[in-house]
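Open the structure in your viewer and keep the selection tool at hand. Each stop below says what to select and what is there.

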Amino acid sequence: MNEPFVHSRSIDSQSRPALVATDEASLSRAMGAFEAAGVSPAETHLIGDIGIDQLAGHAVWLEVGEDQGDRLDRWLMAFSAFADQSNLPARVSVVSPLLDIVAAQIDSDVEIIVAPGPVERAAAVATLQAEAALRSLGYETRGVEDQARLRHLSEEVSRIAAALSHLTAQENGAGGFGDQRPRPAVSRSDAAPPSVSVERVRETIRARRLRERFFDADYFADPAWDMLLDLFAAQLTNQRVPVSALCLAAAVPATTALRWMKTLTDAGLFIRRADPRDGRRVFIELSDSAGEGMHRYFAELDGISAA
């Protein structure tokens with residue numbers, strides 16, 4: 001049988017990802033994914049036993065399965081800075097209850113994978129290994145085009161993993177999900193935006209969810225629009241929306257929602273806002289231009305309905 005293009009036996013230890021976990025159970029879970037992907041970690045550590053600076057030169061997989069308070073917060077902040085400065089690929093896998101804590105501290109291009117199944121986790125490990133191997137062979141990925149190619153690779157691998165998971169879920173009567181490309185940012189107008197009732201927005205959200213009673217949700221997945229609607233409703237009622245709640249509103253797996261959240265934040269539609277009363281949580285808000293765009297969208301929609 002032919003060896004794959006990138007395999008742990010064909011590259012040196014510097015190009016293999018280091019594996020770090022919060023606890024023994026998380027470490028064991030991640031090791032299972034590494035083995036399934038045919039990847040041997042360069043090193044394995046618990047966060048209490050190693051500083052992030054000791055991982056210099058390595059891509060890193062971080063498995064977060066246990067809340068360890070300040071120690072976890074400090075490690076996550078150091079990890080985020082490490083990823084930015086080193087320009088090395090990194091991933092964080094996190095259990096759902098700890099998503100807000102991780103999202104509050106990871107403010108970088110590090111991809112966060114939420115409660116992945118075995119197939120998705122192994123696929124993400126394989127992608128991380130591929131990125132690390134390209135770096136070890138001298139391929140730089142600092143350019144926009146190179147980064148786009150790697151993101152596309154990661155998305156395609158994740159999409160395949162999701163399809164496999166969906167087929168498995170169908171045997172148990174569960175549903176699946178879809179993904180789409182983001183829309184361009186809205187333009188800003190100098191005129192005051194028209195008023196919109198929150199009930200009008202909620203009616204739109206209910207109508208979107210109603211379709212799933214009659215058709216497969218895969219056909220209608222549009223996480224960017226679902227998140228815009230949720231944040232707009234929150235803006236109208238002066239409510240704050242944490243990352244985990246917005247992931248739910250996106251109606252796709254949290255890992256997919258986080259990718260879209262970052263895309264929309266980079267595009268200037270979303271704003272990250274630290275919770276002043278809880279340093280372990282961030283809120284997501286609409287930017288002024290996005291809020292104005294939503295106001296004008298509903299005003300024109302109502303004008304069409306009334307015509």
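Does Glu285 count as buried, partly exposed or exposed? With a relative accessibility of 22%, Glu285 counts as partly exposed, because buried means under 20%. Keep in mind throughout that this model is predicted.

**The whole chain**

Show the chain as a cartoon. It has 10 helices and 7 strands. Of its 307 residues, 44% count as buried. The accessible surface is about 15700 Å², and 53% of that belongs to carbon and sulfur atoms. Among contacts with a separation of 6 or more, 70% are between residues 24 or more positions apart.

**Glu285 and Arg273**

Now select Glu285 together with Arg273. The two form a salt bridge, with 3.1 Å between the closest N and O atoms. Glu285 sits in strand S7 (residues 282–286) and Arg273 in strand S6 (residues 270–274), so the salt bridge ties together parts that are 12 residues apart in sequence. Arg273 has a relative accessibility of 39% and therefore counts as partly exposed. The count of salt bridges comes to 18.

**Glu63 and Arg29**

Next, select Glu63 and Arg29. In this salt bridge the closest N and O atoms are 3.4 Å apart. Glu63 belongs to strand S3 (residues 60–64) and Arg29 to helix H1 (residues 24–36), 34 residues apart, so the pair links distant parts of the chain. Glu63 is at 1% relative accessibility and counts as buried, whereas Arg29 is at 32% and counts as partly exposed.

**Strands S4 and S5**

Select residues 90–94, strand S4, and residues 111–114, strand S5. These strands pair in the parallel sense over 4 bridges. One of the bridge partnerships joins Arg91 to Glu111 in S5. Follow the chain from S4 to S5: the path goes through helix H3 (residues 99–105), and this β-α-β crossover is right-handed.

Show the side chains of S5. Which residues point one way, and which the other? Glu111 and Ile113 point one way, Ile112 and Val114 point the other way, and all are buried. In a regular strand, side chains alternate between the two faces of the sheet.

**Around Arg91**

Keep Arg91 selected and add Glu131. They form a salt bridge whose closest N and O atoms are 2.6 Å apart. This pair also links distant parts of the chain, with Glu131 in helix H4 (residues 118–136) and Arg91 in strand S4, 40 residues apart. Both residues are buried. Add Glu111 and Arg259 to the selection: with Arg91 and Glu131, these residues are linked in a network of salt bridges.

**Asp107**

Move to Asp107, in the loop between H3 and S5. Is Asp107 buried or exposed? Asp107 has a relative accessible area of 54% and is exposed. Apart from neighbours within four places in sequence, Asp107 is in contact with Ser80, Asp84 and Arg272. Select Phe79 as well: Asp107 and Phe79 are 28 residues apart in sequence, and their C-alpha atoms are 10.0 Å apart in space.

**A patch on the surface**

Finally, turn on the surface and select Leu210, Phe214, Phe215 and Tyr219. They form a nonpolar patch, with about 500 Å² of accessible area together. Phe215 is in the loop between helix H6 (198–210) and helix H7 (223–236).

Definitions and conventions
Residues numbered from 1 in each chain as written. Predicted model: local features only at pLDDT ≥ 70, side-chain atom pairs only at ≥ 80, totals over all residues. Heavy atoms only, no water. Buried < 20%, exposed > 50% of the residue type's maximum accessible area, 1.4 Å probe, protein only. Helix = DSSP H or I, 4+ residues; strand = E, 2+ residues; numbered from the N terminus. Pairing = 2+ DSSP bridges. Right-handed = clockwise from strand over helix to strand, strands pointing away. Contact = heavy atoms within 4.5 Å. Areas by Shrake-Rupley, 256 points an atom, 1.4 Å probe, with all protein chains shown as cover. Salt bridge = Lys/Arg side-chain N within 4 Å of Asp/Glu carboxyl O. Patch = residues over 30% accessible without salt bridge, like charges linked within 9 Å, V, L, I, M, F, W, Y side chains within 5 Å.
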